[in-house]
Each structure stands twice: as C-alpha cells, then as structure tokens.
Amino acid sequence: MSEFDTNLDAKTVSTMEETDKKCPSCFGVMDFDPETGGLSCPYCGHTEIIPASRQEAAAAAELPLEGADKLENFDWGMETKTVLCKACGAESMYDALEIAAVCPFCGSNQVMEASDQNTMAPGGIVPFLVTDEKASRLFKTWIKKKWFCPKLAKESAKAKHFKGIYLPYWTFDADTSSAYKGEFGRDKVRKGMNGQDNVNTTWYPVKGHYDEFFDDELICASANHNLYMLQRLEPFHTAENKIYKPEYLAGFAAERYSLGVENAWELTRDSIRFKIKNSIENEIRYKHRTDQVRNLEIDTVFCDMTYKYLLLPVWISSYKYKDRVYQFMVNGQTGKVAGRIPISKPKVIITITAVFIIMALILLIVRLL
C-alpha cells in the first residue's frame, strides 16, 4: 500500500469518529453552525470552537497535476450502499457518492468510509456562512424580483425544507504562454453611384504573444445536480477555503466526486483556451482600433499546473406551483440564488408587444426627422 493510501485510510477512519461530536452538557449530537463557524448543540444551545493546530496549514495546498491520475479509481461499484449507525445500530441506505449524511433514526452525523480506498479525501472546504433561515429570506427576495414569474407564484412560493450539502469541486491553476497569428480588418466606406454606402474591408496580418496566469479555475465534479444552476451560483470565494476538517461536515451532507481530476482538467483546459482566444481578440481590437479579427491561430503552452479538491457549500430546496415542483439553490457562502421559476405567458406577450410598439415609434420618429 502506498503512502497516499495509508494517509487516506487514516483520514477516513478518524473522520467517522470526529464528526459525531457529543455535547458535554446534554450529550446531544452537535452540528456545525454557519453563524459562529463552530459547533453548536441544537438541543441546549451549547457552542464550541473548532480547534486549529499551530502546525496546520490555513488552507488547502496546491497539488501538482502531473501524476494525479495515479491517485484515482473510477470504478464506483454499487449505486447505493448500506451504512450501519454506530450510535443506534440502525441501517440506512445512501447514494454511493455520498460521504456524509445524518442518521434519520437518531440524528447522529454519518461520515462514511469510501467504498474505494483510492478515492481522494478533500484537501479543503469552504464552510457554510449562510444559515437555512437566511437562505429562505434570500429566496423570497429573489423570486419577488422575477418579472415573468406569476404574481400568485410569488405570493404562494414557500421553500420546502432546505438541504445543506457540500458539493465536490476541482480548482486548477495554470501559467499559460500563447503565440498567435491572424488578421484584423479595417473598413473603408465609399458612396456608390446609387447613393448607397459601399464597404470595402482591407485585411492586415497580425501576430504576437500573450501570457496569462489562471488561478482557481473552478469545475464541479458532480453529475447529480443541475450544472447550469450551479454555474449561476458562482463565484465561490475559493481563496477563503480552510483545510479540511470533519467537524465542518457535522449536520450536513457531502458528496464525493464523480468527475476525476484528469477529465476535469481536460474540460478546464478547453475553457481556458476559449478565454485566451477572447482575450487575444480583445487585445487586437484595442491595439489596432478595429472590430474585425479573423483566421486567428493560437498555440498555447501550459506550465506549472496544480489542482485542489474542495468541498463547497450549497443549500438545495424547492417549491410547488400548480402541481409542478421548481428547484432552486442558494450559495452557502455568498447567498447568491439560482433556480427555476414558472413563466407567466400573458406577461411575456405584454412585454414583447410593448417592445415592438416602442421600436415602431422610434422608427417613425426617425423617419419624420
């Protein structure tokens, strides 16, 4: 067994014990409290801080991307697994990718040993800062601002019980150096015989060099949730992550990654290349005072690639309107809300009609002038 596997085994075992912290006053199971950043007993109100070792790093370390594929195994086995609660002896079924949950019988916090011992433990975690009560208030404010949402839906929308979950994310750092060549165009406008403008574009060759460092490029490592909705929750302030401690999971669910680091890097690399292309096009437009760029060829070299495996906080809930369920999420760090809403067709028709009327009036005024 490798040194990595040994460390993983130790962390997994200790996690199962440390997360189920008993209250010294009433012996109830304590949960992580987003308001205090410590542990709190939901029964008697006793609070405790989460101790930090002097030798402990403040945040997750950057790991070299080279060789990361040797730390993974993508055979997740069964889709569900049975977990025996050490507190009350009850057996519960959980999703195979879940690593933390709450026993539905006695309320004990369950941080489960991964079925695959090659599964990486998270390097860092961004703890919840937003409580479920605040998330509910933010949702109500958010839905009131949605113009196309029916008024009745806004008035009747009440979020179901919030589920706080830590979702798996990869972050990547990379230094990039790009050589490029292409063409930019300048237009010359001349009056034709018929009085209309004739536009002739002259194209000029252009080449250059572009450097950019990308820090904490984020990609969700879960396939169990609406990725478009999760992207609307961004940004997360990943620089504020803390070194992983099982106490932060107490009272919350947590999910293991289903997208491995190598596959995640391939997607991130494509995203970075797209951003580089846009940046180079903007640089050419600015330097040469043009709006036209074509035939752009870019050769990018990536250096010093590193990654982190983080758990990020998300509140998940839903509401019902006319027998349909609409899910929404709240960023557990920033409070940003994203979700689905019912659409009022009359409001859409009225808005489109109003836009057409305004455009027609503007054209009429222009012609009269």
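The following paragraphs describe the fold, two helices, the salt bridges and two buried residues of a predicted model.

Residues are numbered from 1 along each chain as its sequence is written, and side-chain values use heavy atoms, with hydrogens and water left out. In this predicted model, local features need pLDDT of at least 70 and side-chain atom pairs count only at pLDDT 80 or more, while totals for chains, interfaces and linings use all residues.

The chain contains six helices and 16 strands. Both are DSSP runs numbered from the N terminus: helices are H or I with at least four residues, strands are E with at least two. Of the 369 residues, 42% are buried. Buried denotes under 20% relative accessible area, exposed over 50%, and partly exposed the range in between (1.4 Å probe, protein chains only). Contacts are scored when heavy atoms lie within 4.5 Å. Among contacts with a separation of 6 or more, 71% involve residues 24 or more positions apart.

Helix 2 covers residues 132–144. Its 13 residues should span 18 Å at 1.5 Å a residue, and the end C-alpha atoms are 19 Å apart, which agrees. The expected span is 1.5 Å times one less than the number of residues. A135, S136, F139, W142 and I143 are the buried residues of helix 2. Viewed down the helix axis, they fall within an arc of 125°, so they line one face. The arc is taken from the directions between the helix axis and the C-beta atoms. R137 and K144 are exposed and sit on the face turned away from the buried side. The buried residues of helix 2 pack against helix 3 (151–156), strand 14 (292–321), strand 15 (324–331) and strand 16 (337–339).

Helix 5 comprises 28 residues, 261–288. The expected span is 40 Å, and the end C-alpha atoms are 40 Å apart, which agrees. Its buried residues are V261, A264, W265, T268, I272, I276, I280, E281 and I284. R289 follows just after helix 5 and takes a positive phi of about 50°.

Eight salt bridges are present in the structure. The criterion is a side-chain nitrogen of Lys or Arg within 4 Å of a carboxyl oxygen of Asp or Glu. R294 and E183 form one such pair, at 2.8 Å from N to O. This pair links distant parts of the chain: R294 belongs to strand 14 and E183 to strand 10 (residues 163–191), 111 residues apart. R294 is partly exposed, with a relative accessible area of 35%. E183 is also partly exposed, at 22%.

A second salt bridge joins K275 and E217, with the closest N and O atoms 2.7 Å apart. K275 lies in helix 5 and E217 in strand 11 (residues 197–220), so the pair ties together parts 58 residues apart in sequence. K275 is partly exposed at 35% relative accessible area, whereas E217 is buried at 13%.

Within helix 5, E283 and K287 are four residues apart, about one turn of the helix. Their salt bridge has its closest N and O atoms 3.8 Å apart. E283 is partly exposed at 21% relative accessibility. K287 is exposed at 56%. Elsewhere, E62, D216 and K308 are joined into one network by salt bridges that share partners.

E255 lies in strand 13 (residues 253–255). E255 is buried yet has no salt bridge. The nearest side chain of opposite charge is that of K163, 7.2 Å away. For this purpose, Lys and Arg count as positive and Asp and Glu as negative; His and the chain ends are not counted. The E255 side chain instead makes polar contacts with the side chains of S222 at 2.5 Å and N224 at 3.1 Å. A polar contact is a pair of N or O atoms within 3.5 Å; within protein, one must be able to donate a hydrogen and the other to accept it, and residues adjacent in sequence count only if both atoms are side-chain atoms.

Y248 is placed in the loop between strand 12 (242–243) and strand 13. Y248 counts as buried, at 8% relative accessibility. Leaving out residues up to four places away in sequence, Y248 touches F32, I50, I125, P127, Y166, K242 and I243. The C-alpha atoms of Y248 and D33 are separated by 8.6 Å, although the two residues are 215 apart along the chain.
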